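Could you walk me through this model, starting with one odd spot in the backbone and then working out to the whole fold?

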Amino acid sequence: MGLIGRCIVGFTCFMGCCFPACSNNIDAVWHSAPHTSLESEKVNNWLHHGLEKTTLVLGKLEQPTVPVYIHAIEYANEPVPWGEISRGNIDSITLHVNTKASLWALKEDWTLYHELAHLYHPLLAYRDMWLAEGLATYLQNGVMLRSGIISSEEFVQRISAGLARGERATRTFTGTLSSVSENMWRLKAYQRVYWSGVAFFIEAELKLQEEGVKHSLVGLIARYQMCCRKNASAGKKGSALHFLRQLDNLAGSKILEPLYHAYGIRRNFPDITKQQVHLAALYYLPLKK
Ligand SMILES: [Zn+2]
């Protein structure tokens with residue numbers, strides 16, 4: 001077990017909002033001992049980098065420490081073939097890691113950013129899986145763009161390709177989005193569920209701007225950590241409606257709740273244009289130094 005943590009003194013400011021930068025710890029717990037100290041150092045370096053980049057964009061996590069359970073995989077086609085969240089008094093992350101992967105390849109992989117993004121929202125019911133996976137997938141790409149890991153062209157390309165897969169999958173997995181989400185694992189309807197959720201957050205992001213809300217989505221998510229996340233944790237399934245109402249309250253608007261109701265009963269895939277994806281990318285461009 002190795003505890004690493006570093007606090008960057010200062011604040012990160014974006015679109016008129018400022019919040020404390022990194023002050024969380026990330027704690028690597030190896031399922032079996034690492035083969036070499038170099039391997040352990042590489043994984044610690046990667047986890048620390050991922051937490052730092054994520055908190056710089058999304059703000060400080062409510063929980064002080066993030067335990068990460070590492071399963072070393074000897075052979076895999078990807079640097080991180082599997083990741084998942086376990087909810088509890090303190091939420092943790094489990095990652096299956098190809099320890100042969102270079103530090104560069106680990107930092108380029110999306111899985112850690114995705115799992116960390118999940119820690120910003122409470123545990124949600126299966127019927128709201130689309131909301132949880134949509135938020136983590138959208139924010140993962142936002143963090144990678146802001147951090148310079150992907151370019152804005154790659155952001156647009158990745159999101160557009162995902163939305164196209166989601167649209168194709170909607171022809172196979174019919175029914176309302178909430179009913180398909182409830183059965184996502186059994187149906188293997190991941191593409192429809194994840195990418196309908198990403199469409200929701202692109203639509204929400206642009207609506208917040210259209211209605212003159214002074215905070216972007218990440219500004220609201222950062223504020224939610226400070227006011228409300230603690231009471232929505234402890235492993236209990238939170239209500240998606242309650243989560244979105246709290247974000248709406250922080251925005252001083254009523255945008256997310258009606259959009260949530262409209263998405264839950266959707267039978268078709270949302271129509272998001274490439275232009276809208278380009279507009280969403282603007283929120284995550286690297287900040288000028
Ligand atoms: Zn996820």
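Lys188 is exposed, because just 11 other C-beta atoms lie within 10 Å; the cut-offs are 12 or fewer for exposed, 20 or more for buried and in between for partly exposed, counting other C-beta atoms within 10 Å of the residue's own, with C-beta atoms placed from the backbone. Lys188 sits in the loop between helix 7 (184–187) and helix 8 (190–210). Helices here are DSSP runs of H or I with at least four residues, strands are runs of E with at least two, and both are numbered from the N terminus. What is the phi of Lys188? About 60 degrees, so positive, even though Lys188 is not a glycine. Most residues other than glycine have a negative phi.

A word on the model itself: it's a predicted one, where local features need pLDDT of at least 70, side-chain atom pairs count only at pLDDT 80 or more, and totals for chains, interfaces and linings use all residues. Residue numbers start from 1 along each chain as its sequence is written.

Zooming out, the protein has 12 helices and seven strands. Of its 289 residues, 43% count as buried. Take the contacts with a separation of 6 or more: residues 24 or more positions apart account for 72% of them. A contact means that the C-beta atoms of two residues, placed from the backbone, lie within 7 Å.

Now for the inside. The largest nonpolar core has 76 residues, a core being a set of buried Ala, Val, Leu, Ile, Met, Phe, Trp, Tyr and Cys residues joined through C-beta atoms within 7 Å. Leu58, Val68, Ala117, Leu135, Val198, Phe201 and Ile221 have the most contacts inside this core. Helix 4 (residues 129–146) gives the largest share, 11 residues. Where does the core lie relative to the domains? Domain 1 (2–118) and domain 2 (126–284) both give residues to the core, so it lies between them; the domain bounds come from an automatic or database domain assignment. As for Ile221, it touches Leu58, Gly59 and Tyr120, if you skip residues up to four places away in sequence.

Helix 4 is also home to Ala132. Ala132 is buried, with 24 other C-beta atoms within 10 Å. Leaving aside neighbours within four places in sequence, Ala132 is in contact with His118, His121 and Leu124.

Next, a pair of helices. Helix 9 (residues 217–227) and helix 10 (residues 240–251) pack at an angle of about 110 degrees, and their axes are 10 Å apart. The axes are lines fitted to C-alpha atoms, for helices over the stretch in contact, and angles run from 0 to 180 degrees between N-to-C directions. That makes helix 9 roughly perpendicular to helix 10, on a scale where under 35 degrees is roughly parallel, over 145 roughly antiparallel, 65 to 115 roughly perpendicular and the rest oblique. Helix 9 brings Leu220, Arg223 and Tyr224 to the contact, and helix 10 brings Gln246, Leu247, Leu250 and Ala251. By class, that's five nonpolar, one polar and one charged residues; Ala, Val, Leu, Ile, Met, Phe, Trp, Tyr, Cys and Pro count as nonpolar, Asp, Glu, Lys and Arg as charged, and the others, Gly among them, as polar.

Helix 10 also holds Asp248, which counts as buried with 20 C-beta neighbours inside 10 Å. Setting aside residues up to four places away in sequence, Asp248 touches Ser253, Lys254, Ile255, Leu256 and Glu257.

Two glutamates round things off. Glu182, in helix 6 (residues 177–182), counts as partly exposed, with 19 C-beta neighbours inside 10 Å. Beyond its neighbours within four places in sequence, Glu182 is in contact with Tyr126 and Arg127. Glu153, in helix 5 (residues 152–172), is exposed, with 11 other C-beta atoms within 10 Å.

Here are some pairs with their separations along the chain and in space:

| Pair | Apart in sequence | C-alpha to C-alpha |
|---|---|---|
| Glu153 and Ala281 | 128 residues | 8.8 Å |
| Glu182 and Arg127 | 55 residues | 4.1 Å |
| Asp248 and Leu220 | 28 residues | 8.6 Å |
| Ala132 and Pro122 | 10 residues | 8.6 Å |
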